[in-house]
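Please open the structure in a viewer and keep the sequence alongside. The tour below proceeds by selections, each followed by a description of what is found there.

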Amino acid sequence: MIPVNEETKKTHRPCLQVAWNVQVFDKDNKLTEEKSGQNSLLVAFATKMAGFLCDNSSYKDITNTNRNALQMYPNASFPNGIPCTGYGYGVTTMGIVLGTNNTAVTADDYKLNTIIPNGIVGTQLIYLAGGGTAVVTAAPVSSFIIDRVMLNHSGGTITVKELGIYSLDGGASATICLCRDIIADPGVDIDDGEYMYVKYTISVTT
Amino acid sequence: MTKLTGIIRITKSTGEIYEYPMHSFVQNFAYMLNGLCNKSLPNAGVGTPMKDTANVSRLAGAYNAGATWYNWFYTAAAAIGIDTYGMVVGTGVTPVALTDYKLDVPIAQGVGAGQMKYSAASYQVGKISSGANRSFKLIRWFTNDSPGAITVNEVGFIARPYNHLIGQFNILICRDVLAVPVVVGVGELITVEMSFQITA
């Protein structure tokens, strides 16, 4: 066998990039803290991608149950795909979610380690409806945004140390974790009365 | 940093191997991902106009096929002789633009001058594990039974999103111009692989 033609090898760079950004605002809507990072896509995302293209391999939902990428029955409410925008207030099974445990990411992660529930007591945040933008193209990049706002009305400070995107699969009503990211210690504090704006930017570059 | 990366690998029946980092998802792919992310009503589309391979704007959106499930990128598993979707090759050298909706100069299926025979597409199951990496691979074979050598300069992938109300379209989602062309002699075969990988 003739070896790979070295002339054809160039510096590798991602063909799809995902970046995250979190901003904390105080009661006066003043920005108090901001952090950013590159995103950690997980097995579920890769497997869904494979499923979209041709395959029916399985991945884990957030309950550690195997699901098949192709075998999702699209019903009237939840069409096939990776829906993670356009859902309602208080939903923590779809869209951007936050957590408090920054254990290192592994490709096989299937959920956030310690998700922050929706609510107004203890370590709870109010999850507003999730949104996003349409695709914007400004050569050489095409990108769109998935975003969400979380309010802290718990009465205390909540420290966010992980974030991710959950997606709801079709008729199986299974929630899968497409990606998980961690924020290094000390994390990002959201004091009572403050809110966090979280944004994921998905982009392709020629 | 974690990312989705791609590799195009072409192996000739003569044993030469060419490997290229895959760079170029095009704007259509961003539209499709955007559509996939929307929990929109079935059949509605979300108003993100992709361009099909005939340069016609098509909506990206959810769908409901009644009692039959379909996949959004349905289907890459193109049958033998199909040159309108799945992995495709061409001779064009025009640099990639985000707005590309087809190969520059596609090589048609056949045995006439400048044509190649397209095999059925294949794939290797996702979640091929190696340490922190997980990957899956698409494979297709192309044979040159034409009267002369053919130079492959570009490789692309055409997906087929399906919506039973608004139809099924051929949508180019990536195109790469090869840094080093691959000359396929008469009677030769090339194996083209696209591997996608994430790394935690």
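Before the first selection, one term is required: two strands pair if DSSP finds at least two bridges between them. Strands (E, at least two residues) and helices (H or I, at least four residues) are DSSP runs, numbered from the N terminus.

The model is a predicted one, in which local features need pLDDT of at least 70, side-chain atom pairs count only at pLDDT 80 or more, and totals for chains, interfaces and linings use all residues. Residues are numbered from 1 along each chain as its sequence is written, while chains are lettered from A and ligands numbered from 1 in the order in which they are written.

**Chain A as a whole**

Select chain A and display its secondary structure: 1 helix and 14 strands appear. Colouring by burial shows that 49% of the 206 residues of chain A are buried (a residue is buried if 20 or more other C-beta atoms, placed from the backbone, lie within 10 Å of its own). Among the contacts in chain A with a separation of 6 or more, 65% join residues 24 or more positions apart; a contact requires C-beta atoms, placed from the backbone, within 7 Å.

**The open sheet of chain A**

Next, select E5, E11 and E12 of chain A, which form an open sheet of 3 strands in that order, with antiparallel pairing. At the edges lie E5 (95-99) and E12 (175-182) of chain A, each pairing on one side only. From one strand to the next, the twist averages 25°, with axes being lines fitted to C-alpha atoms and angles running from 0 to 180 degrees between N-to-C directions.

**Strand E11 and its partners**

Now select residues 162-168 of chain A, strand E11, which pairs with E5(A) over 5 antiparallel bridges. Which residue stands opposite A:Ile165 in E11(A)? That residue is A:Ile96. Likewise, A:Val97 has A:Gly164 of E11(A) as its bridge partner.

Turn to the pairing of E11(A) with E12(A), which is antiparallel over 7 bridges. Here A:Gly164 stands opposite A:Arg180 in E12(A).

In a regular strand, side chains alternate between the two faces of the sheet. In E11(A), A:Glu162, A:Gly164, A:Tyr166 and A:Leu168 point one way, whereas A:Leu163, A:Ile165 and A:Ser167 point the other way. Of the 7 residues in E11(A), 7 are buried.

**Chain B**

Finally, select chain B, where 1 helix and 13 strands are present. Following chain B from the N terminus, the elements run β-β-α-β-β-β-β-β-β-β-β-β-β-β. Of its 200 residues, 51% are buried.

Notes: A residue is buried if 20 or more other C-beta atoms lie within 10 Å of its own, exposed if 12 or fewer, and partly exposed in between; C-beta atoms are placed from the backbone. Two residues are in contact if their C-beta atoms, placed from the backbone, lie within 7 Å.
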